[in-house]
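Got your viewer open? Let's take a short walk through the empty spaces of this protein, then stop at a couple of residues.

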Amino acid sequence: MAHTHPYHSFMLQAIALADKAKWQTCPNPRVGALLVKDGVALASGWHKGPGLAHAEALALEDARAKGISPADCTLVVTLEPCRHFGKTPPCTEAILSAGVRHVVIGALDPNPEASGGAEILRSKGLRVECGVAEQECLDSLDDFITWQTTDLPYTLLKLASTMDGRIATRAGHSRWISSPETRSRVHELRQHMQALIVGGNTFYQDDPQLTCRLEESAEALCPKQPLAVVATSRLPEAELSLHLLKKRAKETIFWTTVAAAASPKAEALRRKGVRVIGLASHARPNVRGHGMRAELDLAEGLSYLRKELGCHYVLCEGGGRLGLALLGKGLARELHLHLAPKIIGDNEATPLFDGRAPIQIDEALQLRVANAVPSGEDIALTLRPATRPLLSSPAERRS
């Protein structure tokens with residue numbers, strides 16, 4: 001819908017309500033709802049967690065507590081009201097019982113068990129509009145849509161670079177590109193993840209811990225550390241003095257080739273408690289230099305994390321090649337890019353992304369900026385794939 005829709009700004013307010021419960025509703029969607037009358041939002045609600053009341057029911061309850069008749073209001077909700085009995089009753093029944101006559105919906109529900117609420121409300125004579133601020137609603141619901149339409153976890157990619165797009169000097173030195181405030185933001189993000197992923201170069205060069213290390217006062221927010229995942233065709237010797245092997249062996253997973261997963265190195269790692277997972281791969285020519293390199297099936301690895309280990313949120317902090325592979329295959333749904341106001345100015349310094357060789361500019365991967373905020377001296381950008389297909393049809397958006 002165009003931004004001129006009279007309920008567009010209210011839908012954005014409903015999204016802001018929904019996002020108060022970000023990370024908390026898994027595997028449910030985060031949803032916000034408002035009751036609006038004469039251009040004023042009079043009541044509100046948002047879903048706060050699995051098994052708890054839905055946003056619509058809470059908004060109706062809020063209205064009644066304030067002595068407001070829902071029948072005199074328009075209901076604005078970010079996701080189509082559910083029509084099924086789950087852990088809570090159908091929202092469609094609550095809406096009908098309250099006497100609401102006009103419902104404005106941001107996005108339709110991708111869950112076949114719950115979808116169809118809009119049509120039920122229409123069949124009962126309600127005026128129902130769909131697709132208001134739909135792209136913004138889809139962004140807010142993107143994790144839920146990913147869980148409903150794929151067997152993958154919701155995957156985020158975090159990278160930090162200088163203004164000229166370098167993540168390390170030609171000698172491999174990268175500490176610290178980012179400001180202390182940005183590093184703190186990264187650990188706040190880590191606390192919501194079930195797994196952190198890096199590539200082989202990061203594993204060998206940086207010896208990372210891949211843990212959430214918040215200030216002492218916030219340690220309770222991260223009671224369980226995320227799993228550590230290393231994507232590499234070069235398995236290490238089990239005796240190497242690296243942090244993940246010495247301190248976190250039972251929480252560490254290697255994604256590697258099928259052949260490497262059957263090697264003596266893999267067996268030695270497994271004896272330490274490390275999981276070694278062989279993924280399908282194919283040989284790909286190096287864009288620069290000679291020879292071939294193995295490209296792992298990252299989707300297979302991500303599916304393993306979701307189906308076998310229950311990971312719903314995953315963060316990749318690998319280098320440019322791993323990040324590019326995730327973006328190129330549409331596997332990373334968010335790119336958190338932290339730009340530091342520094343310029344290395346060296347063409348041999350490690351680039352932010354590497355591994356493609358397009359000839360035409362229209363062959364470039366296309367992203368869109370979803371958010372940009374200061375982070376200490378840095379700029380924190382949130383980027384998303386160019387589009388997610390809209391769930392409502394033109395006819396539904398016109399109704």
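First, the vocabulary: on a 1 Å grid over the protein atoms alone, a cavity is a set of points where a 1.4 Å probe fits but cannot get out, while a pocket is an open set with protein on both sides within 12 Å along at least five of seven lines; lining residues have an atom within 4 Å of a point. Keep in mind that this is a predicted model, where local features need pLDDT of at least 70, side-chain atom pairs count only at pLDDT 80 or more, and totals for chains, interfaces and linings use all residues. Residues are numbered from 1 along each chain as its sequence is written, and side-chain values use heavy atoms, with hydrogens and water left out.

**Stop one: the cavity.** Select K22, W23, R30, D139, S140, L141, D142, D143, Y154, E334 and R384, and you have the lining of the largest cavity. How much space lies in it? About 50 Å³, where a volume is the space filled by probe spheres set on the points, with grid points joined across faces, edges and corners. The structure holds one cavity of 30 Å³ or more. Now colour the lining by class: seven residues are charged, three nonpolar and one polar. (Asp, Glu, Lys and Arg count as charged; Ala, Val, Leu, Ile, Met, Phe, Trp, Tyr, Cys and Pro as nonpolar; the others, Gly among them, as polar.) Show the cartoon too: α5 (134–140) and α6 (142–149) each supply at least two lining residues. Helices (H or I, at least four residues) and strands (E, at least two) are DSSP runs, numbered from the N terminus.

**Stop two: the second largest pocket.** Centre on K22, E334, H336, N371 and T382, which lie nearest the pocket's centre among its 25 lining residues. Elements giving two or more residues to this lining are α5, α7 (180–190), β15 (334–340), β17 (367–375) and β18 (378–385). The pocket holds about 580 Å³ of space, and its lining has 11 charged, eight nonpolar and six polar residues.

**Stop three: T25.** Pick T25 in the loop between α1 (8–18) and β1 (32–37). Is T25 buried or exposed? Its relative accessible area is 2%, so T25 is buried (under 20%; exposed is over 50%, partly exposed in between, with a 1.4 Å probe and protein chains only). Leaving out residues up to four places away in sequence, T25 touches R30, H47, K48, G49 and P50, contact meaning heavy atoms within 4.5 Å.

**Last stop: T257.** Jump to strand β10 (residues 252–257), where T257 is found. T257 counts as buried because its relative accessibility is 12%. Show its contacts beyond four places in sequence: S233, G278, L279, S281, A294 and L296.
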